[in-house]
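I am opening a notebook page on a structure that is new to me, and I want to record what I looked up in the order in which I looked.

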Amino acid sequence: MENLKTLVLLQRLDQQLDELTILRGDLPEQIEDLEAELEGIRTSLTSADKFLKDADFQIDTLRIEIDAAREKTAKYKAQQFEVRNNREYDALTKEIDSIGRQIEEMEKKIEQIRNHKEESSKVSHVADPKIAHLEQELADRRAQLEDITRDTLDEERILLSDRKKLIEKTEKKMIDQYERIRSARDGKVVVKINRGACGGCFKVIPLQRQAEIKKSNKIFHCEHCGRFLISETLYDSFINGTPAK
Ligand SMILES: [Zn+2]
């Protein structure tokens, strides 16, 4: 009997808490999504900016190396006119070819850096307005959520503390059963008999069983949905016996 009363009160608390959650809607999820999106854009902006800062220096360094390599080539080509034999001539040709390949590699590298620079500039270009837009959106959503929670925060705190107290003084087995039915049955755990039927699944309850439930304080379960069944009188007395919130 005491247990049943606790469950009725617990259910009422949970319904009130559910209403508060419904008020908040999907704002908390929206805020999380916006935060993640902002974080992603900021990360790519940081790495693009870092690359851009370095890119020109890298290109300049490569150009200096290319100039040096070209000078060396010119020097070797001049030396080829002064060699005394074929062996020396061939050695210089080999050097010139090798430097030519190095120059090609470095030019390719410069081209890659330029392309990457272009992409990074694009990222940098679109990121700022996008970040500004997302920040505004995030601020709006946060303000909306704050408006909603400001009025309900105290209420929620009281409900949660009442809930905790109720759970502490109730058998764990009952609470486990309550939670199980609650998650399986859409939040309705303890239901009244309504016109001879279960108030949860609306299946008819045999007359004999109805009579038992009415005159007894024992716990009965609906044979169809498993919810706790209780007479209307008892249910109302539990609810009305509680001080109004
Ligand atoms: Zn039922």
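**Arg-195 and the hairpin**

I began with Arg-195, which I count as exposed because it has 8 C-beta neighbours inside 10 Å, and I note at once that the model I am reading is a predicted one. I then looked up where Arg-195 sits, and found it in the loop between β1 and β2. Its phi is positive, about 50°, although Arg-195 is not a glycine. I set beside this the general rule that most residues other than glycine have a negative phi. The two strands around this turn, β1 and β2, make a hairpin with two residues between them. They run antiparallel and are joined by two bridges, with β2 covering residues 197-198. I also looked up the partner of Asn-194, and its bridge leads to Ala-197 in β2.

**A second positive phi**

Which other residue has a positive phi although it is not a glycine? I found Asp-186, with a phi of about 60°, placed in the loop between α4 and β1. I count Asp-186 as exposed because 9 C-beta neighbours lie inside 10 Å.

**The sheet**

Next I followed the strands outward, and I read an open sheet of four strands in the order β2-β1-β4-β3, with mixed pairing. The strands at its edges are β2 and β3 (220-221), each of which pairs on one side only. On the other side of the hairpin partner, I traced β1 (residues 190-194) to β4 (residues 228-230), and these two pair in the parallel sense over three bridges. Within that pairing, Lys-192 has Ile-230 in β4 as its bridge partner.

**The core and Cys-198**

I then asked which residues have the most contacts inside the largest nonpolar core. That core has 16 residues, and the ones with the most contacts are Leu-7, Tyr-178, Val-189, Val-190, Cys-198, Phe-228 and Leu-229. The elements that give two or more residues to the core are α1 (2-24), α4 (172-184), β1 and β4. I looked more closely at Cys-198, and, leaving out residues up to four places away in sequence, I listed its contacts as Val-191, Lys-203, Ile-205, Cys-222, His-224, Cys-225, Arg-227 and Leu-229.

**Tyr-235**

I moved on to Tyr-235, which belongs to helix α6 (residues 232-240). Is Tyr-235 buried, exposed or partly exposed? I record it as partly exposed, because 19 other C-beta atoms lie within 10 Å, whereas a buried residue needs 20 or more. Beyond its neighbours within four places in sequence, Tyr-235 is in contact with Val-8, Lys-192 and Ile-230. I also noted that Tyr-235 and Val-191 are 44 residues apart in sequence, while their C-alpha atoms are 8.2 Å apart in space.

**Helix α2 and the domains**

Last, I turned to helix α2 (residues 27-80), whose 54 residues reach 78 Å from the first C-alpha to the last, close to the 80 Å expected at 1.5 Å a residue. I found a kink of about 30° in α2, centred on Asp-54. The domain assignment of the protein gives domain 1 as 24-168 and domain 2 as 172-240, and I noted that the C-alpha centres of domain 1 and domain 2 lie 62 Å apart.

Note on methods. Residues numbered from 1 in each chain as written. Predicted model: local features only at pLDDT ≥ 70, side-chain atom pairs only at ≥ 80, totals over all residues. Pairing = 2+ DSSP bridges. Expected span 1.5 Å × (residues − 1). Bend = angle between axes of the 7 residues up to and from the residue. Core = buried A, V, L, I, M, F, W, Y, C linked by C-beta atoms within 7 Å. Buried ≥ 20, exposed ≤ 12 C-beta atoms within 10 Å, placed from the backbone. Contact = placed C-beta atoms within 7 Å. Domains from an automatic or database assignment.
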